[in-house]
Amino acid sequence: MAKTQNDGLLKAPGPSPLGPGFSLGFALMAPAQLTLLAVVLLPSLMILWLGVTAWQPTAGIPWYKAEFIWFWNFYDLYFDSRFTSAVLRTLLFVAVCVLSELLIALCLAVLFLDEWPWRKLAVSVIILPMMIVPVDAANAFFMLFSARGPINYIIAEVLGREFAYAWLADPQWALLPIMLAEIWQWTPLMFLLMLAGLMNLPENQVRAAVALGASPSRIFVKIMLPLLSPVILIALIIRSIETFKIFDPVYILTRGGPGSATESISMFMYNGAFVFFRIGYIAAAALLVLVLVVSICLPLARVLRR
Amino acid sequence: MPFVQSLVGRKPLARILKRTVVIFAMALSFAPIFWLLSTSFKPYDEWAIYPPVWVSQRPTLQNYRIVFAPDAAKSFAAAQGGSLDYKVAGSAWKAFVDSTIISTAATFFSVVFGTLAAYSMVRFKTGGEHSAFQFLTVRMLPPIAVVVPMVAMFSILNLSDTYVGLVLAYTAFTLPFSVWMVRSFIEDVPQELEGAAMIHGMTQLEAFIKVTLPLIRGGVLATALFVFILNWSEFLFALTLTSGGITTVTVQVAKYVSASSGTLYGVQAAMGTVSTLPVIVFGYLIQRHLVRGLTFGSVKR
């Protein structure tokens, strides 16, 4: 009852000092909306035009006078194996990285359910990777995976023979260091999410199962995991969205090379726009990506509403 | 959760095994950072030596001097036959100053605009559910998709390679975090408090400033630190919207790292260590709120 009264109170703000028609709600919202309008909406509208042109800034023609070429950019993109494999590779990044992160994090979080003296310290050390600037993390992995670097040294010691493999120069395996850098950096976030989820589980059901003598593994699979699934879902969605944009480690470790063997969507678009200067073509790709992201992610985001 | 004691078992062997796994995880988490730190103190001849040197017996500050002192960088480049000249030429001071200016300004605008918008969303229901998702969509867009037209737009407006341009870009792309994070803090404040203040004659705006804002001060501060971390770590905008006039720390790091030419491991590591230090400090300061921030307030802990 009290709530309804106050609702009514707040919704009748009385005469505004700035005259009628002035709404405090909209005024407070305005600065944020205007910023988004300038930085996100206007450029997005610009892609609509650039995407149907063959604009190259190097040709010396201003963008608004660019040659109109109908939908040929999209036609070319469809048959551009560099673009399609960048899309598939990005999806591979998302699948491998996010699932590995989840699996490692879940196993690790289970070990943190009870209390012990240096538990806090352990958490602090384990979440260190997510505190690092991503470019610096990639930099560290760049050094670790150099042909004569520490990783190869350890492998050589284990194998007992010479091992000087140039990870980042091999089109087949250059993806691995990039994925490892990404997994290393973001497993801690997943870990914190899982830990928070596990600690907030309703105790009653688990208690009951314990009292009835169920085995720990059964309790975990049959009771804790289903209760945890909303948190797992949120974690998967958020990490998938972020990993889909993957750029920093790719740029630092390989710049999409050798050739285009490690190009993610972002890296493909960066190379196209800032190395080959094919702005019109890349704008068309951007448009496709925008449509893809909005159509896939928006329904997913509704889950975040709780 | 006391009952989990019975769940995870009391057998000493199982406990030792579990602690070992935890220690192994701690080691893996720390290893790359250890390598970065250790390399930053290595003299030139140990940078790429094989077998690798784990901890240098002859630690030096030379790498840090190359990063920060133009003279040390010049004499180093000269000693290396000038081939590395273009990479170590500029000192990193400029990058730190630029990053500080841009990150601070963008954080300020992002948090102020974000707080106002969040308040408007929670108390006035401006735009309904739609508003919140509009901000979230911004976070989903790969920034590169917007960067391409932005470069064209900025060159018309004379904003490319300026502080204003980067601050604008950073503000917009951290707004979703500010809005969602502050929103989750405002939602924790009972509306009745403002109602009570307004009965005593305050306007809604006064009630917001004098009652709600002090209550969520800690949350807003955490949001600010969080957004600052994001701004400081940002790479793509800094790379594409500048052309030498402005350098952020992340661009400076990338300048030292290059797969194709000479390896500057020591210098890279020194720059990496210094540039990531403020972020680590801030990160631990807001450790409690990190999860809330990175999940847009959907997991509150």
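Okay, let's start with Arg255 of chain A, which lies in the loop between helix H11 (248-253) and H12 of chain A. We're looking at a predicted model here, so keep that in mind as we go. What's odd about Arg255(A)? Its phi is positive, about 55 degrees, although the residue is not a glycine. For background, most residues other than glycine have a negative phi. And is Arg255(A) buried or exposed? Arg255(A) counts as buried, because it has 20 C-beta neighbours inside 10 Å.

Now move along the chain to Phe277(A), in the loop between H12 and helix H13 (279-301) of chain A. Phe277(A) also isn't a glycine, and its phi is positive too, about 60 degrees. The surroundings give another label, though: with 15 other C-beta atoms within 10 Å, Phe277(A) is partly exposed.

Both of those loops mention H12 of chain A, so let's look at that helix. H12(A) covers residues 265-274, and nine of its 10 residues are buried, so the helix is largely enclosed by the rest of the structure. If you want to click through the buried ones, they are Ile265(A), Ser266(A), Met267(A), Phe268(A), Met269(A), Tyr270(A), Asn271(A), Gly272(A) and Ala273(A).

Who touches the start of that stretch? Go to Thr90(A), which sits in helix H4 (residues 81-110) of chain A. Leaving out residues up to four places away in sequence, Thr90(A) touches Phe244(A), Ile246(A), Ser264(A) and Ile265(A). Take Ser264(A): it is 174 residues from Thr90(A) in sequence, yet their C-alpha atoms are 5.1 Å apart in space. Thr90(A) is also buried, because 23 other C-beta atoms lie within 10 Å.

Let's zoom out to chain A as a whole. How many helices and strands does chain A have? The count is 13 helices and zero strands. With 306 residues, the globule rule gives 19 Å for the radius of gyration, but chain A has 26 Å, so the chain is more spread out than a compact globule. Its C-alpha atoms fill a box of roughly 80 × 75 × 30 Å along the principal axes. As for burial, 43% of the 306 residues count as buried. And if you take contacts in chain A with a separation of 6 or more, 67% of them are between residues 24 or more positions apart.

One helix pair in chain A is worth a look: H9 (residues 203-211) and H10 (residues 216-244). They pack at about 155 degrees, and their axes are 10 Å apart. H9(A) and H10(A) are therefore roughly antiparallel. The crossing is right-handed. On the H9(A) side we have Gln205(A), Val206(A), Ala209(A) and Val210(A), and they meet Ile219(A), Ile223(A) and Met224(A) in H10(A). By class, that contact has six nonpolar residues, one polar and no charged.

Over to chain B. Here we get 16 helices and zero strands. The radius of gyration is 24 Å, where a compact globule of 301 residues would be near 19 Å. The C-alpha trace spans about 75 × 70 × 35 Å along its principal axes, and 50% of the 301 residues count as buried.

Chain B has its own helix pair to show you, H9 (residues 163-186) with H12 (residues 217-233). The angle is about 155 degrees and the axes are 10 Å apart. That makes H9(B) roughly antiparallel to H12(B). This crossing is right-handed. Among the residues that meet there are Tyr170(B), Phe177(B) and Phe185(B) from H9(B), and Val220(B), Phe226(B) and Leu230(B) from H12(B). The contact of H9(B) with H12(B) has nine nonpolar, five polar and no charged residues.

There's an unusual peptide bond in chain B as well. Where is it? Between Tyr50(B) and Pro51(B), where the bond is cis, with omega about -5 degrees. Pro51(B) is in the loop between helix H2 (12-40) and helix H3 (62-68) of chain B. In general, most peptide bonds are trans.

Last stop: where the two chains meet. The contact takes 94 residues from chain A and 89 from chain B. On the chain A side, the largest share comes from helix H2 (residues 24-50), with 18 residues. That chain A side divides into 77 nonpolar, eight polar and nine charged residues.

Technical notes:
Residues numbered from 1 in each chain as written. Chains lettered and ligands numbered in written order. Predicted model: local features only at pLDDT ≥ 70, side-chain atom pairs only at ≥ 80, totals over all residues. Helix = DSSP H or I, 4+ residues; strand = E, 2+ residues; numbered from the N terminus. Rg over C-alpha atoms; globule rule 2.2 N^0.38 Å. Buried ≥ 20, exposed ≤ 12 C-beta atoms within 10 Å, placed from the backbone. Axes fitted to C-alpha atoms, helices over the stretch in contact; angles between N-to-C directions. Parallel < 35°, antiparallel > 145°, perpendicular 65-115°, else oblique. Left-handed = near helix turned anticlockwise from the far one by under 90°. Contact = placed C-beta atoms within 7 Å. Nonpolar A, V, L, I, M, F, W, Y, C, P; charged D, E, K, R; others polar.
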